[in-house]
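Here is a small set of exercises to work through with the model open beside you. Try each task yourself before reading its solution.

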Amino acid sequence: MESAQVLPLVKDPDRLEARLKEIPAEPGVYYMRDAADHVLYIGKSKKLRSRVRSYFRDEHHHSPRIAMMVRQVVDIEFIVTDTEAEALALEANLIKQHQPYYNVLLKDDKKYPWLCITWSEPYPRIFITRKRHGGKKADRFYGPYVDVGLLRRTLHLVKRIFPLRQRPQPLFKDRPCLNYDIGRCPGVCQQLIASEDYHKIVRKVAMVFQGRTEELVNILTQQMEQAAEELNFEQAARLRDQIAGIKALGADQKVALADDTVSRDAIALAADDHHACIQLFQIRAGRLVGRLGFMADAASGTPGAILQRVLEEHYQNVDAIEIPAEILVQHELPETEMLSEFLSQTKGRKVTIVNPQRQVKAELIDMVERNAGYELARTQRFADRNTQALQDLAELLDLPDIPRRIEGYDISHIQGSDAVASQVVFMDGIPAKQHYRHYKIKNPTVRSGHSDDFASMAEVITRRFRKYATAKANGRDIGNGESSVLSRHVSVNSDFPDLVMIDGGKGQLSAVVNALREMNLLEDVKVVSLAKQREEIFLPGESLPLPTDAEQPGVQLLRRLRDEAHRFAVSFHRQQRSDRMRRSRLDDIPGLGYQRQKQLLATFRSIDYLRQATPQQIADVPGIGPRLAQQIYEYFHPPAEEFSSEFTNLSRKSLPEC
């Protein structure tokens, strides 16, 4: 309550001047906080005092966005660093941690794919993913790549050129598959190749996606010549084929530059009032080896600030050898010298950042900008369709504003067994999978042979909105009123939905309405249901569905949400059912609880493989000692005398007395 009474610094000149005098004229990072203690902005500078003072000196030179931010600042914090490069690295880490609303934040809408190499594993996997988050620190992500088709073709060719693991799981327990026999895989599943040797192969693959194909060809050529000198012609022939395959990857991607000995990146953007599409072309030895794409909010900063943010985030996530000697930029960057110094220190040699104005390099920037324009046009078409659907949905349901966050719920079970529920989230009409959530139904009356979708749905909604009911009972704002509009936009953690969709008819909707009424949230949560058979939309308290056309954009959006909720619920239900069936036989072994069962199945993959294991192999599993391992082994391999005695007893009982 005390922080809410503190005036913004622009309205308290004495406190502002005193705070500015406390900030040193040294390199570092500064925070700006609002009255609710939210971090509004994080910045860096080689002279903190001058940079922070510039925000309060003349508001007329600020964009409307920054001017609004300055009027909310009630406190400024700072961290002093030894060098400008340290300030840049620290700023990037703090932005990732706090996600300030007024910083240039790159959008993570799963639009562009990445290539992941799991260096943390003894035998690294190589795969394409649209989720960069997660994984271990040692794992590396290359990209994001604009052309997913080209990326898939490249990975397919790479797997034909180099012997790599071809399957995520082994096909056989005791022998390799056909890929090993034809030379496509070095026998990873049976560990026929040492981990160190396999890492050497994967490092060569990584060089392809780092744009170091010329360097890789030189290395392989030397190895081929050495193998030929040693009369190892079979190895020399394999290396020759690898060299030919690598050269074929970029045979038609030559870029006309006078100096093709310098590695360089060229970056440009195209923007409208809402979106900024950024393209980064990677050129090595005069050859275009990679085309990366990024998205940002166009209102989050100037074109130069957006480009700088992209370059900072990109180069802090690559190996030093991937940083080029020259970077061509479309607009002047706000902190060119600081970024250049940071990259030079990281690479260990001079890195120059140039804004070309004429001749060949300027033409290259124009080419990158045209490609960014094509991506922007495609983004606009997709955004227009989403906007039209959201506007149509708002009109259809008589919502006060366009729904930004829509949540969908569904129940999945087989006659009550393994009952689960799903919560999926669409942000601005786009699936936001980072906000998806599973629920296991805890209602004791829902069990095998007895299902209750109404009670299950009411339980899920109660669990989802319980914290808001508690907040409202205590007199706190739950984030859905006029007074909280600004705080919802400033805080990235607000997860209160603008609309809730229930998969089902009037029965499911009535159960949810009753649950919300008991929590005193019925007036705060806008809820509808979508019936499967006729795609009918029901509102609370209405006996008849809304008059709609199944093909209108708003209805189609709800159908996409419903289908996604159904898919997510069914997949989780199948996983739960599969886990239960896999564990069912192990439940009969005394002393083998859930966690130990989980360890066994994680190690042996299936009960069939566990049955074939020796007691020593079982004992090597974490948490399984020799004694329990022997019990497990004897469970799958009963002693012969037991079979004999049981058979004898059974025979005596079945034979008639003479």
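**Warm-up: the whole protein**

Among contacts (heavy atoms within 4.5 Å) in the protein with a separation of 6 or more, 63% are between residues 24 or more positions apart. Before going on, note that this is a predicted model, where local features need pLDDT of at least 70, side-chain atom pairs count only at pLDDT 80 or more, and totals for chains, interfaces and linings use all residues. Residues are numbered from 1 along each chain as its sequence is written, and side-chain values use heavy atoms, with hydrogens and water left out.

**Exercise 1.** Find how many helices and strands the protein has, and what share of its residues is buried.

*Solution.* Start with the elements, which are DSSP runs numbered from the N terminus: helices are H or I with at least four residues, strands are E with at least two. The protein has 21 helices and 18 strands. Next, take burial: buried means under 20% relative accessible area, exposed over 50%, and partly exposed in between (1.4 Å probe, protein chains only). Of the 658 residues, 45% are buried. Finally, look at the outside: about 34,900 Å² is exposed, with 49% of it from carbon and sulfur atoms. Those areas come from the Shrake-Rupley method with a 1.4 Å probe, and for residues only the protein chains shown count as cover.

**Exercise 2.** Work out which elements and residues line the largest cavity.

*Solution.* First, the term: on a 1 Å grid over the protein atoms alone, a cavity is a set of points where a 1.4 Å probe fits but cannot get out, and lining residues have an atom within 4 Å of a point. The structure holds 1 cavity of 30 Å³ or more, and the largest cavity has about 90 Å³ of space. That volume is the space filled by probe spheres set on the points, with grid points joined across faces, edges and corners. Its lining has 14 residues, and Q282, L292, H314, V318 and E322 are the closest to the centre. Now go element by element: β6 (140-142), β8 (275-284) and α10 (303-315) each bring at least two lining residues, and β6 gives the most, with 3. Last, sort the lining by type: 7 residues are nonpolar, 3 polar and 4 charged. Here Ala, Val, Leu, Ile, Met, Phe, Trp, Tyr, Cys and Pro count as nonpolar, Asp, Glu, Lys and Arg as charged, and the others, Gly among them, as polar.

**Exercise 3.** Explain why C177 has no disulfide partner in C189.

*Solution.* A disulfide is a pair of cysteine sulfur atoms within 2.5 Å. The closest cysteine sulfur to that of C177 is in C189, and it sits 5.9 Å away, so it is too far for a bond. Searching the whole structure turns up 0 disulfides. As for its setting, C177 is buried at 13% relative accessibility.

**Exercise 4.** Decide whether Y112 and H573 are buried or exposed, and find what each one touches.

*Solution.* Take Y112 in the loop between α4 (84-98) and β4 (114-117). Its relative accessible area is 6%, so Y112 is buried. Leaving out residues up to four places away in sequence, Y112 touches several others, including R130, P144 and F294. R130 is 18 residues along the chain from Y112, yet their C-alpha atoms are 6.5 Å apart.

Then move to H573, in helix α16 (residues 553-584). H573 is buried too, at 4% relative accessibility. Beyond its neighbours within four places in sequence, H573 is in contact with S412, H413, I414, S417, D418 and V420.

How values were computed
1 Å grid on protein atoms, 1.4 Å probe; cavity = no way out; pocket = protein on both sides within 12 Å on 5 of 7 lines; lining within 4 Å.
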